[in-house]
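Please look through the sequence and the model below before reading on. The paragraphs that follow move from a strand to a pair of helices and then to the confidence of the prediction.

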Amino acid sequence: MEFRSAFPVAVLLGGMLGAAAVALDAPTASPSSAAPSLDGIAVDAAAPAARRVRWDIPVVRNAPVERFVRLFTHKQQDRMALYLKRSGRYEGMIRGKLRARGMPEDLVYLSMIESGFNPTARSRAQAVGLWQFIAGTARDYGLRVDAYVDERRDPEKSTDAALRYLRDLHNEFGAWYLAAAAYNTGGGRVSRVMREETGRVRGVEADFWRIRHRLPAETREYVPLMLAAALIGKEPQRYGLGGVKRWLPLEVETVQVPGGTELEVVARAVGATERELERLNPQLIKQMTPPGSRAYPVRVPRGSRGLFAARFAGLHQQAVERARVERAREQQVVKARQAEARRVAARSRSHTVRRGESLWTIARRHDTSVAALKRANGMGSRSTIRPGQRLRLPS
């Protein structure tokens with residue numbers, strides 16, 4: 001997944017440039033300065049006891065994290081507000097899947113810094129979706145990526161794949177900060193740096209800060225970026241973003257649709273717009289179910305399954321008939337064009353004799369022989385040609 005985040009470059013550049021304002025010899029908070037534990041769960045020590053925020057990942061508030069907090073609450077405040085709006089659509093689903101796997105729910109903020117909770121986000125490295133999978137890694141974790149379906153854009157399936165990947169990375173490195181760094185730059189790089197700096201691959205959260213200077217620039221800022229997003233996401237009112245209204249989750253159910261069916265047909269069956277169906281099924285990149293499949297699950301607005309059952313069969317049959325007529329019309333057009341092409345070719349395989357030409361000069365010009373030219377025109381050994389005569393050329 002190396003260097004594929006769709007998170008705006010301006011955010012990363014702003015954070016990196018902001019580092020120049022921090023004195024080189026300024027002490028950096030170590031993980032020992034993380035918030036104290038409450039029943040084994042980290043809390044924000046700066047918050048009053050009555051409204052302390054509970055965390056399930058370690059929280060470090062050091063200079064790199066604070067740079068991004070300032071950036072998100074000043075220059076990039078409008079962008080952060082947009083991401084908080086989008087979070088309402090997907091955060092509950094992601095947290096539920098994390099909770100079901102026994103993973104820290106606050107890893108949801110990794111998706112925020114990957115894509116801004118945009119399921120159709122695409123990076124310059126061609127990584128796609130909420131979790132910014134490149135095609136190879138997506139396929140390794142069971143996602144379908146082809147000309148008709150790109151499940152990197154499917155919020156639920158891509159989340160399942162991303163959480164399996166993160167769990168594998170955590171099993172390898174033993175710490176969520178290291179797993180997050182490996183998610184960004186690749187496990188091989190983090191493994192190599194860990195061996196060189198600590199003599200081992202598995203580590204603890206503090207090891208990220210120990211090896212941070214050896215990581216690529218984007219990866220150095222990745223964990224601070226995630227922590228800053230989490231701090232603001234959990235307490236937006238504390239950072240001037242309390243008035244942001246978050247989008248509601250999508251309420252959907254699924255229906256089984258034959259392969260090769262346009263989403264427009266499904267939309268008419270359930271009384272929705274085609275654009276609404278495209279938003280519910282962003283993985284269908286050609287706005288149709290993949291041809292060849294006997295049935296494909298399509299998301300429709302909740303409560304519309306009954307309409308689908310009553311109306312789809314008739315609409316689908318009409319669409320199939322229209323497609324058949326259109327194919328027949330297209331075939332007629334193709335045949336007409338082919339016939340015209342043959343007529344043009346036939347006309348082009350002839351030659352009008354000019355004054356001074358002989359069979360030999362004509363044969364040479366058209367890369368053939370005098371004998372072949374005579375055979376094509378039924379000429380004998382004593383036949384002659386005259387100006388204006390049209391000769392057929394051998395095929």
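Along strand E3 (residues 252-257), which side chains point to one face and are buried, and which point to the other? Glu-253, Val-255 and Val-257 share the buried face, whereas Val-252, Thr-254 and Gln-256 point to the other face and are not buried, where buried means under 20% relative accessible area with a 1.4 Å probe, protein chains only. Strands here are DSSP runs of E with at least two residues, and helices are runs of H or I with at least four, numbered from the N terminus. E3 runs antiparallel to strand E4 (residues 296-301), to which 6 bridges join it, and Val-255 stands opposite Val-298 in E4.

This is a predicted model, in which local features need pLDDT of at least 70 and side-chain atom pairs count only at pLDDT 80 or more, while totals for chains, interfaces and linings use all residues. Residues are numbered from 1 along each chain as its sequence is written, and side-chain values use heavy atoms, with hydrogens and water left out.

The axes of helix H7 (residues 176-185) and helix H8 (residues 187-198), lines fitted to C-alpha atoms over the stretch in contact, come within 7 Å and cross at roughly 130 degrees. The contact (heavy atoms within 4.5 Å) is made by Leu-178, Ala-181, Ala-182 and Thr-185 of H7 together with Gly-187, Arg-189, Val-190 and Met-194 of H8.

As for confidence, the mean pLDDT, on a scale from 0 to 100, is 87 for the protein chain, and 86% of its residues reach 70 or more. Among its elements, helix H6 (residues 155-173) has the highest mean, 98, and strand E1 (residues 37-38) the lowest, 32.

How values were computed: Buried means under 20% relative accessible area, exposed over 50%, partly exposed in between (1.4 Å probe, protein chains only). Two strands pair if DSSP finds at least two bridges between them. pLDDT is the predictor's confidence in each residue, from 0 to 100. Axes are lines fitted to C-alpha atoms, for helices over the stretch in contact, and angles run from 0 to 180 degrees between N-to-C directions.
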